[in-house]
Amino acid sequence: MKLFFTVILSLATLVAFGQEKRPGVFYGDAQYGTNQYILDLSWEGLHSFPVQALSPSIRVLILDHNNLTEIPNNITAMKNLRTLSLRDNDLRSVNKVLELCENLEELYLNDNPNLTELPYTLSNCKKLKLIDVSNTGIHQPPAWLRGMKQLYYFKYTKIVSGDKKK
């Protein structure tokens with residue numbers, strides 16, 4: 001019953017924010033006891049971080065193919081966030097407070113050409129296992145990355161001498 005009311009409230013929130021065409025709320029399989037709360041607001045033309053995306057119950061947040069330029073400070077309210085995907089936006093930097101998302105495991109920042117560095121504070125994300133910064137202005141792993149023993153995948157686009165990027 002609680003799940004039913006949560007779904008209704010979430011859908012009402014999305015409709016209020018203009019998501020009536022394609023509600024982006026999905027739940028995992030309750031049969032297996034997973035409460036995987038996923039919010040996908042890809043291709044919505046967003047210019048600012050949506051308020052409904054800051055729910056502490058969201059585990060996977062997908063904001064791909066929008067026009068976002070920053071990650072807000074109040075993202076720290078997302079205590080259960082495991083995956084954050086901001087592919088193909090207009091990010092120029094990554095907010096240092098992201099380190100306070102203590103359950104963050106996967107961070108997808110690829111295809112943000114104006115992104116040129118990652119904050120050292122990401123090294124404090126003790127559960128972060130994957131970072132993808134391919135097709136950004138980051139062309140080598142930061143030195144502090146070596147201290148992240150739990151990180152098993154760091155993807156970036158290496159520029160070899162003679163390559164020309166447009």
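**Exercise 1. Phenylalanine 154 and leucine 118**

Decide whether phenylalanine 154 is buried or exposed, and find which residues leucine 118 touches.

*Solution.* Phenylalanine 154 has a relative accessible area of 16%. The limit for a buried residue is under 20%, so phenylalanine 154 is buried. The model is predicted, and the values in these exercises are computed from it.

The next step turns to leucine 118. When residues up to four places away in sequence are not counted, leucine 118 touches Phe154, Trp144, Ile138, Val133, Ile131, Leu109 and Val94. Leu118 is also one of two residues, the other being Leu61, that touch the most other members of the largest nonpolar core. That core has 37 residues.

**Exercise 2. The chain as a whole**

State how many helices and strands the chain has, in which order they run, and what percentage of its residues count as buried.

*Solution.* The chain contains one helix and seven strands. Read from the N terminus, the order is α-β-β-β-β-β-β-β, with the helix ahead of the strands. The chain has 166 residues, of which 41% count as buried. Its exposed area is about 9,600 Å², and 53% of this comes from carbon and sulfur atoms. For the contacts with a separation of 6 or more, 27% involve residues 24 or more positions apart.

**Exercise 3. Aromatic pairs**

Determine how many aromatic pairs the whole structure holds, and classify the geometry of the pair formed by tyrosine 120 and tryptophan 144.

*Solution.* Searching the whole structure gives two aromatic pairs. In the pair of tyrosine 120 and tryptophan 144, the ring centres are 6.2 Å apart and the planes stand at 85 degrees. Planes over 60 degrees apart count as edge-to-face, so this pair is edge-to-face.

The next step locates the two residues. Tyrosine 120 belongs to the loop between strand E5 (106-108) and E6, while tryptophan 144 belongs to the loop between E6 and E7. The pair therefore ties together parts that are 24 residues apart in sequence. As for accessibility, tyrosine 120 is exposed at 56%, whereas tryptophan 144 is buried at 15%.

The other pair consists of phenylalanine 154 and tyrosine 156, with ring centres 5.8 Å apart and planes at 40 degrees, so it is tilted. Tyrosine 156 has 27% relative accessibility and counts as partly exposed, while phenylalanine 154 is buried.

**Exercise 4. Cysteines**

Explain why cysteine 101 forms no bond with cysteine 125, and describe what surrounds cysteine 125.

*Solution.* The whole structure holds zero disulfides. The closest cysteine sulfur to that of cysteine 101 is in cysteine 125, at 7.2 Å. A disulfide needs sulfur atoms within 2.5 Å, so the distance of 7.2 Å is too far for a bond. Cysteine 125, for which the sulfur of cysteine 101 is the nearest, is likewise in no disulfide.

Both cysteines are buried: cysteine 101 has a relative accessible area of 0%, and cysteine 125 has a relative accessibility of 1%. Cysteine 125 sits in the loop between E5 and E6. Apart from neighbours within four places in sequence, its contacts are Leu98, Glu99, Met148 and Gln150. For glutamate 99 and cysteine 125, the C-alpha to C-alpha distance is 5.2 Å, although the two are 26 residues apart in sequence.

**Exercise 5. Aspartates 88 and 111, and serine 134**

Find in which loops aspartate 88 and aspartate 111 lie, give their phi angles, and identify which residues serine 134 is in contact with.

*Solution.* Most residues other than glycine have a negative phi. Aspartate 88 is not a glycine, yet its phi is positive, at about 55 degrees. This residue lies in the loop between strand E4 (83-85) and E5 and is partly exposed at 32%. Aspartate 111 also has a positive phi, of about 65 degrees. Its place is the loop between E5 and E6, and it is partly exposed at 29%.

Serine 134 is in the loop between strand E6 (130-132) and strand E7 (153-155). With a relative accessibility of 7%, serine 134 counts as buried. Beyond its neighbours within four places in sequence, serine 134 contacts Asn110, Asp111, Lys155, Tyr156 and Thr157.

**Exercise 6. A charge over a ring**

Identify which residue lies over the face of tyrosine 108.

*Solution.* The residue is arginine 87, which lies 4.2 Å from the ring centre of tyrosine 108. The limit for this distance is within 6 Å.

Definitions and conventions. Residues numbered from 1 in each chain as written. Predicted model: local features only at pLDDT ≥ 70, side-chain atom pairs only at ≥ 80, totals over all residues. Heavy atoms only, no water. Core = buried A, V, L, I, M, F, W, Y, C linked by side-chain atoms within 4.5 Å. Buried < 20%, exposed > 50% of the residue type's maximum accessible area, 1.4 Å probe, protein only. Contact = heavy atoms within 4.5 Å. Helix = DSSP H or I, 4+ residues; strand = E, 2+ residues; numbered from the N terminus. Areas by Shrake-Rupley, 256 points an atom, 1.4 Å probe, with all protein chains shown as cover. Phe/Tyr/Trp six-rings, centres within 6.5 Å; stacked < 30°, edge-to-face > 60°. Lys NZ or Arg CZ within 6 Å of the ring centre and 35° of its normal.
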